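Here is a short briefing on one protein chain. Have the sequence and the 3D view open as you read.

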Amino acid sequence: NCMRVVKKIKVNTYNCSVLFVVTNEMGKSEKYLQKKYAKGTLVPGTPAEEAEGITITVSGNLYITMIDAKFLNHNVIAHELYHATRRITEDRDITDEESSAWLMGFLSEEFYKFLSSDKVKKEFEKVDNQDGGTTK
């Protein structure tokens, strides 16, 4: 079963949003997101089904950070949020370190709030109950 939890985070300072996605089916989820948000036109650097996580620029106003539930750890989260931070700041010609550091901190805090939400916990419980607890 495909588990996909999505939350849209508004980044008002830079007039954009980031979709946070946690899934156990990277390939299926990427196809769904491409169709829904990007009309199938975007191609990430690494095929989603081979990646631990991917960050996609849909437009200068929308970015998607998707992480495979099997690889949900501090390293992969930081790695993908760094990509999102760079994409957002580069699209706005922002080069100063403090702005990037602020954005990285903001995205990190929002991602961890998302992970600890009831919505995410319920989806993980459903998957654990279906597959005997292998996603932990």
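**Briefing**

Asn 15 counts as exposed, because its relative accessibility is 61%, over the 50% cut-off. The model is a predicted one. Its protein chain holds four helices and four strands. In sequence order they run β-β-α-β-β-α-α-α.

**Loop residues with positive phi**

- Asn 15 sits in the loop between S1 and S2.
- Its phi is near 50°, a positive value in a residue that is not glycine.
- Asp 93 is placed in the loop between H2 and H3.
- Asp 93 is not a glycine either, yet its phi is positive, at about 55°.
- Asp 93 counts as exposed, because its relative accessibility is 68%.

**The chain as a whole**

- Of the 136 residues in the protein chain, 44% count as buried.
- Take the contacts with a separation of 6 or more: 54% of them join residues 24 or more positions apart.

**Nonpolar cores**

- In soluble globular proteins, nonpolar side chains tend to be buried together.
- The largest nonpolar core here has 26 residues.
- Which of its members touch the most others? They are Phe 20, Ile 88, Leu 107 and Phe 111.
- Three strands and three helices each give two or more residues to this core: S1 (4-11), S2 (16-23), S4 (62-68), H2 (74-91), H3 (97-115) and H4 (118-131).
- H3 gives the most, with six residues.
- A second core, separate from this one, has 13 residues, including Met 26, Ala 48, Val 58 and Leu 62.

**Around Phe 20**

- Leaving out residues up to four places away in sequence, Phe 20 touches Val 5, Val 6, Lys 7 and Ile 9, among others.
- Its contacts also include Thr 65, Leu 81, Leu 107, Glu 110, Phe 111 and Phe 114.
- Leu 107 and Phe 111 are thus on two lists: they touch Phe 20, and they are among the core members with the most contacts to other members.

**Packing of H2 on H3**

- Two packed helices are described by the angle between their axes and the distance between the axes.
- For H2 and H3 the angle is about 135°, and the axes are 9 Å apart.
- H2 is therefore oblique to H3, since only angles over 145 degrees count as roughly antiparallel.
- Their crossing is right-handed.
- On the H2 side, the residues in contact are His 74, Ile 77, Ala 78, Leu 81, Tyr 82, Ala 84, Thr 85, Ile 88 and Thr 89.
- On the H3 side, they are Ser 100, Leu 103, Met 104, Leu 107, Ser 108, Phe 111, Tyr 112 and Leu 115.
- By class, this contact has 12 nonpolar residues, five polar residues and no charged residues.

**Ser 99**

- Ser 99 is part of helix H3.
- Is Ser 99 buried or exposed? It is buried, because its relative accessible area is 18%, under the 20% cut-off.
- Apart from neighbours within four places in sequence, Ser 99 is in contact with Tyr 14 and Ile 94.

**Lys 126**

- Lys 126 belongs to helix H4.
- With a relative accessible area of 45%, Lys 126 is partly exposed.
- Lys 126 and Met 3 are 123 residues apart along the chain, and their C-alpha atoms are separated by 8.7 Å.

Conventions:
Residues numbered from 1 in each chain as written. Predicted model: local features only at pLDDT ≥ 70, side-chain atom pairs only at ≥ 80, totals over all residues. Heavy atoms only, no water. Core = buried A, V, L, I, M, F, W, Y, C linked by side-chain atoms within 4.5 Å. Buried < 20%, exposed > 50% of the residue type's maximum accessible area, 1.4 Å probe, protein only. Contact = heavy atoms within 4.5 Å. Axes fitted to C-alpha atoms, helices over the stretch in contact; angles between N-to-C directions. Parallel < 35°, antiparallel > 145°, perpendicular 65-115°, else oblique. Left-handed = near helix turned anticlockwise from the far one by under 90°. Nonpolar A, V, L, I, M, F, W, Y, C, P; charged D, E, K, R; others polar.
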